[in-house]
Amino acid sequence: MKWGSDFKLNSSEECCRACKEMCEGDNGPCLCDSWVFCGNKQDCGSRFGECWLKKQKDALDPDWRDSGDKVIWTSGLVFGKGEGIIKLKTEHGIVNVKLFPDCAPHSVYYILELLSLQHCAGCQFYRAESRGNSWDLQGNHIEHAPYGPPYALIQGTVDAYGTVFKDIPQEACPTIRRGSIAWVGSGPDFFISLANHHEWKKAYTVFGQVLPEDMEIVEKISQLPTIPDVWSNVKVAVLERPVPLRFIRMRKSP
């Protein structure tokens with residue numbers, strides 16, 4: 001969309017913003033869905049400041065060139081309305097998840113890697129806790145009610161057998177609200193929240209959001225039979241039978 005040799009900016013933030021400006025409104029389609037910036041003066045030399053704005057053939061399978069500490073380029077994805085949505089498949093239904101590459105690029109990178117796997121053996125939900133009497137149907141906390149237990153979430157892992165998981169660094173994302181999908185610590189364990197957990201502030205990296213119409217499936221899993229347990233002095237509810245899960249791609253429209 002723009003050739004970096006003819007388009008130079010001062011920072012990766014400005015390059016990302018230039019890509020976003022090619023979207024129609026906050027939630028409209030985007031002519032640009034990826035950006036690449038050379039921001040190291042010494043290593044980039046005459047190419048310092050180059051900002052390449054691109055449109056991928058498939059934003060969920062971008063054209064990766066290289067990665068690692070020795071790479072002098074910084075890149076990112078931008079998803080417009082209806083883009084960046086993947087499916088979380090379970091035996092109780094399919095949950096659609098909108099990914100957040102803006103604030104959680106490392107997290108989204110890992111999830112996109114999972115999409116290329118032929119299996120996700122070992123990936124499962126193993127903890128399920130309802131909203132109880134502490135949060136209403138919209139996920140709002142009921143005045144004077146305790147903040148758990150239960151903690152209004154379902155928790156699982158994406159540590160697939162045969163893969164090597166690298167810890168995800170904490171990323172600057174919004175606070176937990178109903179439908180948020182976030183890492184437990186640095187992963188690979190994660191949870192989907194059934195409530196607006198403002199009391200947790202920004203303690204967790206949120207890398208996606210379940211679409212509202214699919215929250216009934218999350219609620220259904222939260223009501224499955226559980227066994228009480230105690231983890232580090234915290235009362236939890238562990239599923240009697242874990243629920244296998246897998247992240248899959250959305251089928252392209254013909």
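Which strands do the buried residues of α3 pack against? Let me set the scene, and then we'll get to that.

Hi everyone. What we have here is a predicted model, where local features need pLDDT of at least 70 and side-chain atom pairs count only at pLDDT 80 or more, while totals for chains, interfaces and linings use all residues. Residues are numbered from 1 along each chain as its sequence is written, and side-chain values use heavy atoms, with hydrogens and water left out.

Let's start with the overall picture. The protein has 4 helices and 13 strands, taken as DSSP runs numbered from the N terminus (helices are H or I with at least four residues, strands are E with at least two). Its C-alpha trace spans about 60 × 40 × 40 Å along the principal axes. The radius of gyration is 20 Å, which agrees with the value near 18 Å for a compact globule of 254 residues; the radius is taken over C-alpha atoms, and the globule rule is 2.2 Å times the number of residues to the power 0.38.

Now burial. Of the 254 residues, 48% count as buried. For us, buried means under 20% relative accessible area, exposed means over 50%, and partly exposed is in between, with a 1.4 Å probe and protein chains only. As for contacts (heavy atoms within 4.5 Å), residues 24 or more positions apart account for 67% of those with a separation of 6 or more.

Back to my opening question. Helix α3 covers residues 105–115, and its buried residues are S107, V108, Y110, I111, L112, L114 and L115. They pack against β3 (73–77), β4 (85–90), β5 (93–99), β8 (180–183), β10 (206–210) and β13 (246–248). Y110 turns up again in an aromatic cluster, together with F165, W183 and F207. The whole structure holds 11 aromatic pairs. Rings of Phe, Tyr and Trp (its six-membered ring) pair if their centres lie within 6.5 Å; planes under 30 degrees apart count as stacked, over 60 as edge-to-face and the rest as tilted.

What about helix α4, residues 215–222? In α4, 6 of the 8 residues are buried, so the helix is largely enclosed by the rest of the structure. Those buried residues are M215, I217, V218, E219, I221 and S222.

Next, my favourite stop: the loop between β6 (124–129) and β7 (153–157), where we find N140. N140 counts as partly exposed because its relative accessibility is 36%. Beyond its neighbours within four places in sequence, N140 is in contact with S134, W135 and N196. Its C-alpha atom is 21 Å from that of R127, 13 residues apart along the chain.

For anyone who enjoys checking backbone geometry, P149 is in the loop between β6 and β7, and the peptide bond from G148 to P149 is cis, with omega near 0°. P150 lies in the loop between β6 and β7 as well, and a cis peptide bond with omega of about -5° joins P149 and P150. A152, also in the loop between β6 and β7, has a positive phi near 55° although it is not glycine.

Which residues have a positive phi, and are they buried or exposed? A152 is buried, with a relative accessible area of 0%. S232, in the loop between β11 (226–231) and β12 (234–244), has phi near 50° and is exposed, at 70%.

That's my tour; thanks for listening!
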